[in-house]
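Dear colleague,

I am handing over the structure below, and after it you will find a short account of what came out of the analysis. Please read the account with the coordinates open beside you.

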Amino acid sequence: MTTSPPEREEPVASPSFALRPEVEADAPFRLALFRASRGPGWDQIPLPAEMLTKIMEQQFHAQTQGYRAAYPQARLEIVTVDAAPVGRLATDRGTDVLRLVDIAVVPERRGQGIGGAILRALMDEAAAAGTPVMLQVASDNLAAQRLYHRLGFVMTAANDTHLTLRWPAPSSTPWSAA
C-alpha cells in the first residue's frame, strides 16, 4: 500500500537519491515516517497522547510483519538524499511484475520530485525487464493518484479503501530515454 507521494503537481527538478537496505537502527526513523504518513487526522482523535502513540506503534509493527509475511523476498530500503534518510521504499520483484509495496517520503521533502524520481527509476527497471509495475494506493490519497496517473499508471481494480494501479512496461525504451 503506497503512501506519501509528492504534494506538488509539477516537481521543480528530479533530485538525486540513493537507496540502502533497511537496518534495525532505522526503526525510529521508520516509525516517525509511518506516523507522519498517516495524516493529521490521527492527532485529532480524542485519546491520550500515550494511547495514540501505542496504537501507532502497534500499527507500525503490524504493517512491518504484514509486509514480511506477504512479500518475503521484498527489498526494504531507506531513501536518502545527500546521505540523509528522507523516505522508505518497499518493492517485490517477481519474474512477471515489479510490485511497489510501499513508498513514503518525509513531509518536509514532499513535493520536491523525490517520489517521482523513485517511480521513474522503478519504471526504467521494469521496462528493461519487460514487466509491468503494480501498486495499491489508498482511495483517499488523491495526490498520489495524480502522480501515478501522470506517469501512465491505469486502474485495474478498486475496493472500498484502495485502488490497484498498473503501469504496463512499454516494449520499446525506458521512461528516462523518452
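In this predicted model, helices α1 and α2 are roughly perpendicular to each other, because an angle between 65 and 115 degrees is placed in that class and the two helices pack at about 110 degrees. Helix α1 covers residues 27-37 and helix α2 covers residues 49-70, and their axes lie 10 Å apart.

On the α1 side, the contact is formed by Ala27, Arg30, Leu31, Phe34 and Arg35, while α2 contributes Leu52, Thr53, Met56, Glu57, Gln59, Phe60, Gln63 and Thr64. Sorted by class, this contact of α1 with α2 comprises 6 nonpolar, 4 polar and 3 charged residues.

The other point to look at concerns backbone torsions in the loop between β2 (75-81) and β3 (84-93), where aspartate 82 is found and where alanine 83 lies as well. Aspartate 82 has a phi near 55 degrees, which is a positive value in a residue other than glycine, and alanine 83, also a residue other than glycine, has a positive phi near 70 degrees.

As for solvent accessibility, aspartate 82 counts as exposed because its relative accessibility is 77%, where the cut-off for that class is over 50%. Alanine 83, with a relative accessibility of 71%, therefore counts as exposed too.

With best regards

How values were computed. Residues numbered from 1 in each chain as written. Predicted model: local features only at pLDDT ≥ 70, side-chain atom pairs only at ≥ 80, totals over all residues. Heavy atoms only, no water. Axes fitted to C-alpha atoms, helices over the stretch in contact; angles between N-to-C directions. Helix = DSSP H or I, 4+ residues; strand = E, 2+ residues; numbered from the N terminus. Parallel < 35°, antiparallel > 145°, perpendicular 65-115°, else oblique. Contact = heavy atoms within 4.5 Å. Nonpolar A, V, L, I, M, F, W, Y, C, P; charged D, E, K, R; others polar. Buried < 20%, exposed > 50% of the residue type's maximum accessible area, 1.4 Å probe, protein only.
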